[in-house]
Amino acid sequence: MNSNTLKKYQTQLQKLKAKQNVIKTELTDCQQRYNSIKNEILDVQTKINELSRNNKLIVSEHATIRILERMFGINLSEIHEQIIAEILPVYTKLGDGTIPVKCIGLRAVIKNGVIVTVK
């Protein structure tokens, strides 16, 4: 083996070891981030378990909406149609954003073509 070939392999070995050290550092960082998220998951799961054991009932928003519809005769489809009819011309011109809804005296917040809230 000549000295040029030996030098070439020594240089290649140094570069490979340097890459290995970089990857080892990245691996250590990933492991630390993984462990951190794992601990966060355990904390959230513990909180969920504690809340589940306290025998408190929670009424979902879906159930509340159904109560409004069935007990109080509120027609959500009619409300949706009224709001859409009022803001559609403005939405067609401006797109997403906050648009006043005069029929309810509030402003509709629209994101990606969905009214996400009113304020």
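Just after helix α2, Gly-73 adopts a positive phi of about 65°. That is a handy place to start with this predicted model, since it marks where one helix has just ended. Helix α2 itself covers residues 61-72. How far apart should the ends of its 12 residues be? At 1.5 Å a residue the helix should span 16 Å, and because its end C-alpha atoms are 16 Å apart, the model agrees with that expectation.

Let's move on to the sheet. It is open, with 3 strands in the order β1-β2-β3 and antiparallel pairing. Which strands lie at the edges? They are β1 (97-101) and β3 (114-118), each pairing on one side only. From one strand to the next, the twist averages 35°. Helix α3, residues 76-94, packs on this sheet and touches β1, β2 and β3, while its direction makes about 130° with that of β1.

The two strand pairs can be followed residue by residue. Strands β1 and β2 run antiparallel and are joined by 5 bridges. Between β2 (residues 106-111) and β3, the antiparallel pairing extends over 4 bridges. Some of the facing residues are gathered here:

| Residue | Opposite residue | Strand of the opposite residue |
|---|---|---|
| Thr-98 | Val-109 | β2 |
| Pro-100 | Arg-107 | β2 |
| Val-109 | Thr-117 | β3 |
| Ile-110 | Ile-115 | β3 |
| Lys-111 | Val-114 | β3 |

Val-109 is a nice residue to look at in the viewer: Val-109 is the bridge partner of Thr-98, and Val-109 also stands opposite Thr-117 in β3. In a regular strand the side chains alternate between the two faces of the sheet.

Both connections in the sheet are hairpins. The one formed by β1 and β2 has 4 residues between the strands, and Gly-105 in its turn has a positive phi of about 70°. The hairpin of β2 and β3 has 2 residues between the strands, and here Asn-112 in the turn takes a positive phi of about 55°.

Finally, there is the pocket. What is the volume of the largest pocket? The value is about 260 Å³. Its lining is made up of Ile-65, Leu-76, Ile-79, His-80, Ile-83, Ile-104, Ile-115, Val-116, Thr-117 and Val-118. Which elements give two or more residues to this lining? They are α3 and β3. By residue type, the lining divides into 8 nonpolar and 2 polar residues, with no charged ones.

Two of the lining residues bring us back to the sheet. Ile-115 and Thr-117 both line the largest pocket; Ile-115 is the bridge partner of Ile-110, and Thr-117 faces Val-109.

Terms used: Residues numbered from 1 in each chain as written. Predicted model: local features only at pLDDT ≥ 70, side-chain atom pairs only at ≥ 80, totals over all residues. Heavy atoms only, no water. Pairing = 2+ DSSP bridges. Axes fitted to C-alpha atoms, helices over the stretch in contact; angles between N-to-C directions. Contact = heavy atoms within 4.5 Å. 1 Å grid on protein atoms, 1.4 Å probe; cavity = no way out; pocket = protein on both sides within 12 Å on 5 of 7 lines; lining within 4 Å. Points joined across faces, edges and corners; volume = space filled by probe spheres on them. Nonpolar A, V, L, I, M, F, W, Y, C, P; charged D, E, K, R; others polar. Expected span 1.5 Å × (residues − 1).
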